[in-house]
Amino acid sequence: MRMTRFLHSISRTVGKAVLFSIAMACAAAAVAAQGAAQGQMITVLNPTGDPPAIQLRAMAERPASLDGKTIYLVSNTFDNADKFLHSIQAWLAVHEPTVKTVYVEKKGDYVLDDPDLWKKIKADNALMVMAIGH
C-alpha cells in the first residue's frame, strides 16, 4: 500500500512537471509570435562560440633510431593514463632494451603548461610520449 502511494505521488509530481514545461513552451511560443507580428527581432546566441584558428607548428625531428635514447612517458594524471604508460614502459623494456624510459606526472591539469618538465626533457635531449587516459 505504501509503495503504491509512493509511486502515485511520484507520478503526480512528474505529471505536474511535464505540464509546467508544456505551458512554458507554449507561453514562449506565444511571446515569440507576438513579437514577430509586431516586427520585433529576437537575437539568438550560439553557445558553442567561435573556436580560435588552428596554428600549425613544425613537428620535432624524428630520430632514425630509438637506440640509446631516453623517452619520458608523461602522464597528465587523467584516469588510466598511468596504466597505459606503464604498459608502454614494460613493452619497451622487453623489445627495446637500450631505450631508457622515465615515467613522470605532469603538474596541473592537461591544458596547463609545465615549463619545468619541458626544460628537463629538453636538457636531457629526450623524446616524450604524453598520454591522456580514459
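**Close-up views of a predicted model**

**View 1. Asp-113 and Trp-118 are joined through their side chains by a polar contact of 2.6 Å.** The model shown is predicted. Asp-113 sits in the loop between β2 and α3. Is Asp-113 buried or exposed? Asp-113 counts as exposed because its relative accessibility is 55%, and the cut-off for exposed is over 50%. A distant reference point for Asp-113 is Ser-65. The two residues are 48 positions apart in sequence, and their C-alpha atoms are 29 Å apart in space.

**View 2. Asp-114 is buried yet has no salt bridge.** Asp-114 belongs to the loop that runs between β2 (100-105) and α3 (115-123). Which side chain of opposite charge is nearest to Asp-114? That side chain is Lys-107, at 4.8 Å. The salt-bridge cut-off is within 4 Å, so a pair at that distance does not qualify. Lys-107 meets Asp-114 in another way: its backbone nitrogen lies 3.0 Å from a polar atom of the Asp-114 side chain. With neighbours within four places in sequence left aside, Asp-114 is in contact with Lys-106 and Lys-107.

**View 3. Lys-107 pairs with Asp-116 in a salt bridge.** Side chains of opposite charge can pair when their charged atoms come close. For Lys-107 and Asp-116, the closest N and O atoms are 3.8 Å apart. Lys-107 counts as exposed because its relative accessibility is 54%. Compare the previous view: Asp-114, whose nearest oppositely charged side chain is Lys-107, is buried and has no salt bridge.

**View 4. Lys-120 and Asp-124 form a salt bridge.** The N to O distance is 3.8 Å. Lys-120 is partly exposed, at 46% relative accessibility. Asp-124 is partly exposed too, with a relative accessible area of 36%. How many salt bridges does a search of the whole structure find? The search finds 2.

**View 5. A nonpolar patch lies on the surface, formed by Ile-10, Val-14, Val-18, Leu-19 and Ile-22.** Together these residues have about 440 Å² of accessible area. Ile-22 lies in helix α1, which covers residues 2-37. Is Ile-22 counted as exposed or as partly exposed? Its relative accessible area is 47%, so Ile-22 is partly exposed. Membership of a patch requires over 30% relative accessible area, so Ile-22 passes that cut-off.

**View 6. Lys-16 is another residue of helix α1.** Lys-16 counts as exposed, with 61% relative accessibility. How far is Lys-16 from Lys-100 in space? The C-alpha atoms are 65 Å apart, and the two residues are separated by 84 positions in sequence.

**View 7. Thr-77 and Asn-80 each have a positive phi.** Most residues other than glycine have a negative phi, and most peptide bonds are trans. Thr-77 is not a glycine, yet its phi is about 65 degrees. Asn-80 is not a glycine either, and its phi is about 70 degrees. Where is Thr-77? Thr-77 is in the loop between β1 (70-75) and α2 (81-95). Asn-80 is also placed between β1 and α2. Thr-77 is partly exposed, at 46% relative accessible area. Asn-80 is partly exposed at 35%.

**View 8. Thr-101, in strand β2, makes a side-chain polar contact with Gln-89.** The contact spans 3.1 Å. Which residues does Thr-101 touch, not counting those up to four places away in sequence? They are Ile-71, Leu-73, Gln-89 and Leu-92. Gln-89 is thus listed among the touching residues and is also the polar partner.

**View 9. Val-44 is an exposed residue in the loop between α1 and β1.** Its relative accessible area is 71%. Val-44 and Leu-127 are 83 residues apart in sequence. Their C-alpha atoms are 48 Å apart in space.

**View 10. Asp-109 lies in the loop between β2 and α3.** Asp-113 is placed in that loop as well. Asp-109 is partly exposed, with a relative accessible area of 41%, whereas Asp-113 counts as exposed at 55%. From Asp-109 to Ala-123 the sequence separation is 14 residues. The distance between them in space is 23 Å, C-alpha to C-alpha.

Conventions: Residues numbered from 1 in each chain as written. Predicted model: local features only at pLDDT ≥ 70, side-chain atom pairs only at ≥ 80, totals over all residues. Heavy atoms only, no water. Patch = residues over 30% accessible without salt bridge, like charges linked within 9 Å, V, L, I, M, F, W, Y side chains within 5 Å. Areas by Shrake-Rupley, 256 points an atom, 1.4 Å probe, with all protein chains shown as cover. Helix = DSSP H or I, 4+ residues; strand = E, 2+ residues; numbered from the N terminus. Buried < 20%, exposed > 50% of the residue type's maximum accessible area, 1.4 Å probe, protein only. Lys, Arg positive; Asp, Glu negative; His and termini not counted. Polar contact = N/O pair within 3.5 Å; in protein donor to acceptor, adjacent residues only side chain to side chain. Contact = heavy atoms within 4.5 Å.
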